[in-house]
Amino acid sequence: MSANSLRVQVPMRWGDMDAYGHVNNVNLIRLMEEARIAGFGVPGGTGAPGTSPKADIFSAVPDGVQILVVEHRVRYSRPLEYRNVPVNVDLWVANIKPASFDICYEFRDPIEDFLCVKAATTLAYFDPSNGRVQRLSPAEREGLSTYEGEPTFVK
């Protein structure tokens, strides 16, 4: 976990569980998305107002620019067992590059707080009007660097 991390809690659904009582690996990607939105906000121009995120860095993305997932990486250290309480997720930013960055995650058991899953999502800003990835502005890089920490995985 990074010193610049945010902790969010994401509800687990009964349907997230597989036959072994663990959160299914496919459903973990959905939990990553929910944690990312709870921590860093809804991309500008999408959805309707609701609960404010812990750190609102995505709502300032210019109109017409999309935030696309480039890659997910997931490493399981222990099963994330279904519980009827939200899972604890620590989030931070890493690998800030000219046109992409990573959101890093640590999923921790909501009762005993042991580490279950480390993950990272590489994101890029995309301009559909020209079909190209957009370079991060100095202001965007500065906003991301507030939450920057060590990468989950060495690339």
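**Exercise 1. Identify the residue in strand 6 that is the bridge partner of Asp-127, and then describe how strand 5 is placed among its neighbours in this predicted model.**

*Solution.*

Step 1. The bridge partner of Asp-127 in strand 6 is Arg-132. Strand 6 (residues 132-134) runs antiparallel to strand 5, and three bridges join them.

Step 2. Four residues lie between the strands in this hairpin, and Gly-131 there has a positive phi near 70°.

Step 3. Strand 4 (residues 101-108) also pairs with strand 5 in the antiparallel sense, over eight bridges. Within this pairing, Tyr-105 stands opposite Ala-119. The hairpin of strand 4 and strand 5 has six residues between the strands, and its turn contains Asp-113, with a positive phi of about 65°.

Step 4. Strand 2 (residues 66-76) is joined to strand 5 by 10 bridges, again in an antiparallel arrangement. Here Arg-75 is found opposite Lys-118 of strand 5.

Step 5. Of the 13 residues of strand 5 (residues 115-127), 11 are buried, so the strand is largely enclosed by the rest of the structure.

**Exercise 2. Classify the ring pairs Phe-58 with Phe-101 and Tyr-105 with Phe-107.**

*Solution.*

Step 1. A pair of aromatic rings is described by the distance of the centres and the angle of the planes. Planes under 30 degrees apart count as stacked, over 60 as edge-to-face and the rest as tilted.

Step 2. The structure holds six aromatic pairs. For Phe-58 and Phe-101, the ring centres are 6.3 Å apart and the planes stand at 35°, so this pair is tilted. The two residues are 43 residues apart in the chain: Phe-58 belongs to the loop between helix 1 and strand 2, Phe-101 to strand 4. Both are buried.

Step 3. For Tyr-105 and Phe-107, the centres lie 6.2 Å apart with the planes at 25°, so the pair is stacked. Tyr-105 and Phe-107 are likewise buried.

Step 4. Phe-58 and Phe-101 belong to one aromatic cluster together with Phe-40, Tyr-125 and Tyr-147.

**Exercise 3. Determine which residues line the second largest pocket and how they divide by character.**

*Solution.*

Step 1. The second largest pocket holds about 160 Å³ of space.

Step 2. The lining consists of Glu-33, Arg-36, Ile-37, Gly-41, Pro-43, Phe-58, Ile-67, Leu-68, Val-69 and Leu-123. Helix 1 (25-40) and strand 2 each contribute at least two residues to this lining.

Step 3. By character, the lining residues comprise seven nonpolar, one polar and two charged.

Methods: Residues are numbered from 1 along each chain as its sequence is written. This is a predicted model: local features need pLDDT of at least 70, side-chain atom pairs count only at pLDDT 80 or more; totals for chains, interfaces and linings use all residues. Side-chain values use heavy atoms; hydrogens and water are left out. Buried means under 20% relative accessible area, exposed over 50%, partly exposed in between (1.4 Å probe, protein chains only). Two strands pair if DSSP finds at least two bridges between them. On a 1 Å grid over the protein atoms alone, a cavity is a set of points where a 1.4 Å probe fits but cannot get out, and a pocket is an open set with protein on both sides within 12 Å along at least five of seven lines; lining residues have an atom within 4 Å of a point. Grid points are joined across faces, edges and corners, and a volume is the space filled by probe spheres set on the points. Ala, Val, Leu, Ile, Met, Phe, Trp, Tyr, Cys and Pro count as nonpolar, Asp, Glu, Lys and Arg as charged, and the others, Gly among them, as polar. Rings of Phe, Tyr and Trp (its six-membered ring) pair if their centres lie within 6.5 Å; planes under 30 degrees apart count as stacked, over 60 as edge-to-face and the rest as tilted.
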